[in-house]
Every structure is written in C-alpha cells, then in structure tokens.
Amino acid sequence: MTNFHVDGYTLLPSLVPQQFAKINLNNSAASQFSSLFLHLHKNNHTTSPHHKQYFSPTIYQFSLGLGARSGFSEIVRRSSGRYEFKIGVGDHDENFASILNDVNAMIAQQYTTPTSSPTSSPTSSPTSSINIPLLSATLSTIFPNSNYNLVSSTIVLSTPESVDQQWHIDGPHVDPNAHQSAHVVNVFIPLIDMEVEHGGTELRPGTQFFTRDMAKMMLGAKARKELRDPVTPLLKAGDALIFDYRTLHRGRANTSLVNRPDIFNFPPRSLFSPAPVVEFFTDIEGNYEYFRTLVNNSKHVSFSSGDELELAPNALFVHNGDSCDKGPGDIRVVKSLVNFKRKFGDRVTLILGNRDVNKLLLYPTLHKETIESKILLDVYWDPMHKTYDEYMSLQPSPAPPHSRVTVLKWMLCCAMGCPTTFETRRTELEILENVKKCVSDEQVVDSFVDSVDPSGADPFMLDYCKLGVIMAVHNTSLFVHGGVSAIALNSVPDNTNTNPSVKLKVKQWADKLNAWKDEQIAAYIANPLEQAGFAKLLNYGVPGGNSSRTVMYNNHLHNGNCTPPDPEVVAYCFNNSISRIFVGHQPHGECPSVIREKDLTIFLCDTSYSDLTASKTNGNVSNNRGGCYSNIQIGRSWTHVKGVIKNGEKLEYLLQVDAGDNCAECGVIGKMLKGGGWVKGLVADGRIITAKGVGYALDVEVVKFQDLDELN
C-alpha cells in the first residue's frame with residue numbers, strides 16, 4: 001500500500017470480489033444508466049430515450065446538457081461522455097444495496113461502545129459484498145483521530161465518447177494558511193478490468209500539499225522540481241483507488257468501445273418532476289393545410305376525433321402571432337386556437353402579431369356611416385402605398401361604385417399586405433358552407449366585420465386579440481412576434497412612470513405591456529367606432545409604430561440576412577436569465593434561422609415563404625410553403641427542430657442552451673460566415689444548411705461540414 005499521507009492516494013486490492021464487481025455491479029450500473037434516460041425522456045427533459053441522439057450514423061448530440069445547470073439531482077453529465085449518477089435511483093438494487101448496507105453498518109459501529117475487547121474491529125459477514133475489515137483499517141489510518149461518514153454514493157460512468165478532463169481537485173482545503181491532514185477522500189472502485197484505453201483516473205502524487213493556493217504553490221513546486229510524474233493506476237474490477245480529494249487528478253479519455261463505470265454535489269432539480277415542453281407554432285397565416293401538417297407531426301399537440309386541438313400532459317403551447325391572411329383557413333385556424341386557449345388556459349399562449357391586431361381596423365372603417373361619408377383609412381405607416389383612388393383606377397372598367405366591398409379589397413391589398421385574402425376568405429366560406437361559387441362579395445365583407453364585432457355572435461378574431469398577449473416568458477425563453485431591439489427595451493406605451501435609467505425585470509415588462517394591451521382592447525370593445533381609444537395598439541403593430549419601440553413589428557434581419565442583436569439586448573437578457581428569444585413575423589426561407597451571440601440564441605421561425613414555386617391550384621392562391629414545415633419543441637435547456645425543407649430532405653437538429661454541449665455540426669448553427677450569410681440548420685445526414693439573403697431573395701445551399709466557409 002502506498003503512503004497515503006505522502007502520495008495523496010492509496011490502492012486496495014480486491015475491496016469488492018472481482019466477479020461480483022464485473023458482473024453484478026457492472027450490469028446494475030448499465031441497467032440504471034439506461035433507466036435514467038428512459039425517465040428523462042418520459043418526463044420531457046430530453047428528446048431521446050438514450051444518452052445520445054443520432055442525426056446520421058456519424059452525427060450525434062448528447063441528449064443531456066453539460067454540468068449542474070442542465071443536470072438533475074439523480075444524474076449529471078460532468079464532461080463530454082462522462083456521467084455521474086446516484087446509486088439506486090427509482091428502483092431498489094440489491095447488488096449496490098448490499099455494499100451500502102455493509103458500509104453504513106461499519107460507520108455506525110464507530111459510534112457504538114464496544115462490549116467486548118476495545119480492540120475489536122468491524123468484520124465482514126459470510127455473504128458480504130465488500131471487504132469491510134480492509135476498508136475500515138485503511139480509513140482508520142487516514143483518519144486516525146476522528147470518525148468518518150459516507151458523504152455520497154454515486155456511479156461515474158465514462159462512455160466511449162469521453163475525452164480527457166482538465167486537471168482539478170474536488171474541493172477546498174479547510175485551512176487556507178496551513179496544510180492539514182485529509183478530511184475528505186474519494187473511493188473509486190472500477191467495475192471492469194482497467195486497460196489504458198479505458199481511460200482511468202490519473203493523479204499527480206503529492207499535490208495535496210500544493211493546492212491550497214494552487215497557482216502560486218504549484219508554480220513554486222515546479223520551480224523546485226518537486227512535482228512528481230502523473231500516475232494512472234490500472235486496477236482490476238473490485239480494486240479500489242482511495243485519494244485525498246485535494247489531490248490533482250483527472251479522468252482520462254475512454255478510447256475503448258465499452259463504458260467504464262466506477263462507484264463515486266448534485267443540483268436539487270429531480271428528473272422525476274416532469275418538465276413542460278413548449279410546442280411552438282408561428283405565422284400560420286390562415287394556411288389550414290400547413291396548420292394540420294404541424295399538428296400531425298407534433299408529439300404534444302393533436303386533433304381529437306371532432307377536430308378539436310388536444311394538448312399532451314406536461315406540455316405547453318405557444319402560437320407566436322399572425323394567425324391569418326395567407327390562405328383559405330383563417331376562420332378554422334383562429335377558432336381552433338381560440339378554443340384551444342379556452343380549453344387549456346395558461347398552458348396555451350397566443351402571441352399577438354401585426355396581422356392579428358390590424359383586423360380591429362375593419363369594424364370602424366367598414367361601418368355604414370364611415371362608408372357613406374367616404375372616410376378612408378389613413379395608411380400613414382407606408383408612404384409608398386397605393387391610395388384608394390389609385391387602386392380603383394387599376395380596376396376593370398367600368399369601376400364599381402364606392403362600397404364596403406371596394407374599401408375592404410383596397411385595405412387588404414394596399415394597407416395590410418394580403419391582396420389574395422378577399423378571395424381566400426370566399427373560398428373558405430364555400431368550404432364551410434359546402435357550396436360552390438355561391439358566396440357573394442357582401443357575405444365576404446360580413447365575415448370580416450363579424451369577426452371583430454364586439455356585439456356579434458362569434459367575433460373569433462376579436463377573441464384572439466382578447467386572449468392573446470404581446471410578450472410571454474417561460475423559464476429562460478422569451479416570446480414576441482417581431483423582435484427585441486435596444487430602443488424597445490422596457491418600452492410600454494402610455495407608461496409615463498417608467499424611468500429609462502431603471503430597467504424593469506423581463507417579467508415585469510411583459511406584465512405591464514400585456515396589461516396595457518388589455519386596456520386598449522377594453523376601449524375597443526366599449527366603443528369600436530372611436531379609434532382614438534385603441535389607436536395606440538394599432539400603431540404598435542405597424543412599421544415605425546410607437547417610435548419603433550415595438551416588439552411586434554421589429555425583426556433581426558437586414559437585407560435578408562440575420563444580424564446580431566444589440567449588445568444592450570444581450571446584456572438585458574443575460575441579467576434576466578433569458579437564454580433564448582423566439583420570434584416570427586419576417587419570412588426568411590424554408591426552415592427557421594438561428595442567431596447565436598454570446599449567451600443568447602434567437603430563433604427566427606416565420607417560414608411562410610418556404611417555396612415560392614409551390615402549387616396554387618389547391619384552393620390556396622397564397623400558398624408559398626409547398627411541402628416545407630418545421631416542428632419546434634422547446635425544453636428547459638434544449639431546442640429541437642425537425643421537419644422537411646424545399647428539396648424534400650429531412651431537417652433535424654438539437655441545440656443545447658450551453659454552446660459547449662453541442663456537437664461540432666450543431667455548434668455552427670446560428671454562426672455568421674465570412675463570405676456573407678449564416679448557418680441555418682442541419683439536415684438529417686449531418687450536412688449543413690447555409691443561407692445568404694438579398695432582400696426577400698434567399699440563396700440556400702446544403703453543404704458538407706468540412707466544406708463549410710470560414711466562420712466570421
């Protein structure tokens with residue numbers, strides 16, 4: 001046995017019977033490791049029931065994030081491919097229980113007054129699974145004048161993906177001024193016969209004397225040539241390595257093809273507490289077929305037999321705004337979302353987009369008195385818009401008379417950016433009424449007006465605005481329709497009491513902004529003909545509205561390319577524990593775009609311009625999606641994106657919140673390229689999706705990882 005007090009470690013041969021360690025304990029450890037990941041997946045903490053999620057035969061991502069921030073009281077991933085988990089979690093394990101029972105009995109005997117000879121020592125029972133006399137004698141030598149306790153009992157499992165750890169100690173010295181004898185030791189018992197390729201525990205003998213003031217004392221020891229060469233004991237299964245936890249050590253890389261388990265402070269969060277996963281939709285824009293595609297490919301949202309939306313247990317749902325305007329499904333989509341919200345309450349969040357809010361203009365603008373007075377909407381936010389007279393001059397001769405029909409068609413075309421919506425609404429009414437070409441222009445107008453009539457029987461669009469919010473926060477994620485700029489931070493219209501130098505907490509900001517929205521909607525309901533009462537909400541959803549201090553009509557794009565967020569936004573999010581922002585609003589290609597800047601990731605998820613060549617013969621003359629879709633699930637520490645891109649290839653990747661947790665391929669998603677453009681995503685075989693924009697035109701390529709342009 002080495003001199004523990006000099007070397008900082010010692011070895012105990014056959015502390016546990018070799019076959020018992022290699023077979024019973026090893027099998028139990030492997031079984032528990034698999035069981036833990038099944039529980040993690042079941043409770044929505046990971047997207048895979050295994051410790052790795054494969055996107056291709058060679059491309060994978062670790063399912064569990066790195067360190068205590070992403071870990072649980074039962075299991076933590078300490079480094080790449082190296083896990084530590086507690087013994088006997090969930091199910092009783094008689095193999096490990098037998099060892100722990102014997103160890104606890106040994107500890108208890110320290111506090112028992114001996115009734116026989118004072119020199120009596122603990123003994124092993126005939127069926128003992130651990131050599132208690134050897135362990136007791138060793139610990140008594142290490143702690144000669146004090147009793148000892150078992151602090152924790154865990155399994156450290158090193159998978160074949162593990163790499164060399166950094167040199168480290170496991171805890172501080174009790175006396176910062178003078179060296180004291182050991183007060184905590186680690187007992188490592190390998191459950192396989194160790195070879196070099198398994199990556200054992202490497203130690204620097206004697207360094208427990210130099211880690212009290214590590215940088216200074218290690219430098220001095222090196223100068224005095226007192227540092228000894230590292231050692232990596234190659235133990236047999238059941239042998240034990242006991243070392244002072246102040247001794248420098250590290251786990252070496254496991255380059256074998258087998259897991260290496262050892263028996264060895266966890267975060268308080270338990271994997272047995274189900275974690276809600278957010279199913280995220282955005283910018284459905286009345287495309288009912290696309291809506292059904294998202295639902296049919298969702299793990300958490302489904303249609304009942306009556307076509308009502310259902311939400312899986314422990315799941316949340318966010319629709320991020322713009323529910324209408326670009327397809328013959330406005331009525332069905334919006335009513336589905338409104339009923340979904342009413343049924344599941346706070347578990348469903350409806351974000352307001354500009355296309356949702358601007359529908360409040362329809363009731364006052366198309367009211368009989370307004371039409372008769374020929375008072376037209378002031379499209380002040382777009383100086384380049386066609387005026388009503390310019391629009392009418394382009395209509396076939398003879399031009400129809402001024403009416404609700406002509407005004408609505410002009411508004412949709414020239415003020416709301418949806419020139420096909422009048423006809424797609426007619427198509428949907430025909431579908432719902434099961435008729436062909438029998439819906440009149442006046443019936444189409446009635447449908448729009450009724451959807452926001454406070455006294456109407458079914459004002460579904462107004463209901464969406466009543467139930468919706470401008471901003472939502474869930475855990476470390478922020479949801480807004482457009483984007484967050486420095487100028488918009490903390491801005492709430494009419495909030496004259498806000499001191500610009502005092503930043504609101506993000507939840508306070510969201511609460512104030514949503515309360516202001518409720519006041520504006522209440523004013524509309526009270527008198528929908530008096531636009532002054534709710535004009536500021538309408539203004540909040542137009543270009544430049546609220547002096548550009550808006551999160552509804554903002555974006556993180558410039559000339560078709562992603563742009564890094566303002567430094568003030570990054571700092572604000574960091575100070576408020578926001579690691580992700582999810583937005584829609586601005587279309588940009590066939591799959592979500594990602595921006596990664598320091599500790600903040602922004603997901604831009606409006607894909608309404610996925611495929612401009614998509615067929616328009618299916619009743620949707622606005623169809624620019626084709627077969628593209630992206631399902632997005634948001635976990636506490638991860639975001640999973642899965643779908644299909646324009647060329648028919650499958651899209652899939654998993655992004656961990658902590659950048660260091662991602663594989664090389666996932667790690668470049670959201671990064672800018674020196675040649676312009678950025679990395680959008682990952683197809684299922686591990687190739688990289690890149691994009692470079694010019695305005696609304698987007699040049700998308702799928703390239704191999706090794707062929708990727710240099711990152712900026």
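Select residues 678-703 to begin with an open sheet of three strands, ordered β27-β28-β29 and paired in antiparallel fashion; helices (H or I, at least four residues) and strands (E, at least two) are DSSP runs numbered from the N terminus, and two strands pair if DSSP finds at least two bridges between them. The model is predicted, with local features needing pLDDT of at least 70 and side-chain atom pairs counting only at pLDDT 80 or more, while totals for chains, interfaces and linings use all residues. Residues are numbered from 1 along each chain as its sequence is written, and side-chain values use heavy atoms, with hydrogens and water left out.

At the edges of this sheet stand β27 (678-682) and β29 (697-703), each of which has a single partner strand, so one side of each is left without a neighbour in the sheet. From one strand to the next the twist averages 30°, where angles run from 0 to 180 degrees between N-to-C directions and axes are lines fitted to C-alpha atoms, for helices over the stretch in contact. Strand β28 (residues 688-694) is joined to β29 by seven bridges, the two running antiparallel, and a pair to label is T690 with its bridge partner E701 in β29.

Next, select the open sheet of five strands, whose order is β17-β18-β21-β23-β22 and whose pairing is mixed. Here β17 (471-474) and β22 (593-597) are the edge strands, and each has a single partner, so one side of each is left without a neighbour in the sheet. The twist in this sheet averages 15° from one strand to the next. Five bridges join β22 to strand β23 (residues 600-604), and these two run antiparallel; within that pairing, E597 has L600 of β23 as its bridge partner.

Add helix α19 (residues 567-575), which packs on the sheet and touches β21 (580-583), β22 and β23, its direction making about 110° with that of β23; contact means heavy atoms within 4.5 Å. Then show helix α17 (residues 506-526), which lies across β17 and β18 (477-480) and runs at about 145° to β17.

Move now to the helix pairs, starting with α14 (residues 421-433) and α15 (residues 441-450), which pack at an angle of about 95° with their axes 10 Å apart. That angle makes α14 roughly perpendicular to α15, since angles of 65 to 115 degrees count as roughly perpendicular, those under 35 as roughly parallel, those over 145 as roughly antiparallel and the rest as oblique. To display the contact, select T421, F422, R425, R426 and L429 of α14 together with D441, Q443, V444, V445, S447 and F448 of α15. By class, these contact residues divide into five nonpolar, three polar and three charged, where Ala, Val, Leu, Ile, Met, Phe, Trp, Tyr, Cys and Pro count as nonpolar, Asp, Glu, Lys and Arg as charged, and the others, Gly among them, as polar.

Keep α14 on screen and add α8 (330-344), for the axes of α8 and α14 come within 8 Å and cross at roughly 75°. These two helices are therefore roughly perpendicular to each other. Their contact is made by D330, I331 and R332 of α8 and by T421, R425, E428, L429, I431 and L432 of α14, which gives four nonpolar, one polar and four charged residues.

Two backbone details follow. D325, in the loop between β15 (315-319) and α8, has a positive phi of about 105° although it is not a glycine. P398, in the loop between α12 (388-393) and α13, is joined to S397 by a cis peptide bond with omega near -5°.

Finish at the second largest pocket, which holds about 930 Å³ of space. On a 1 Å grid over the protein atoms alone, a pocket is an open set of points where a 1.4 Å probe fits, with protein on both sides within 12 Å along at least five of seven lines, whereas in a cavity the probe cannot get out; lining residues have an atom within 4 Å of a point. Grid points are joined across faces, edges and corners, and the volume is the space filled by probe spheres set on the points. Of the 41 lining residues, N354, R355, M416, G417 and Y553 are the closest to the centre of the pocket. The lining takes at least two residues from each of α9 (354-357), α13 (404-414) and α18 (535-540), with α18 giving the most, three residues.
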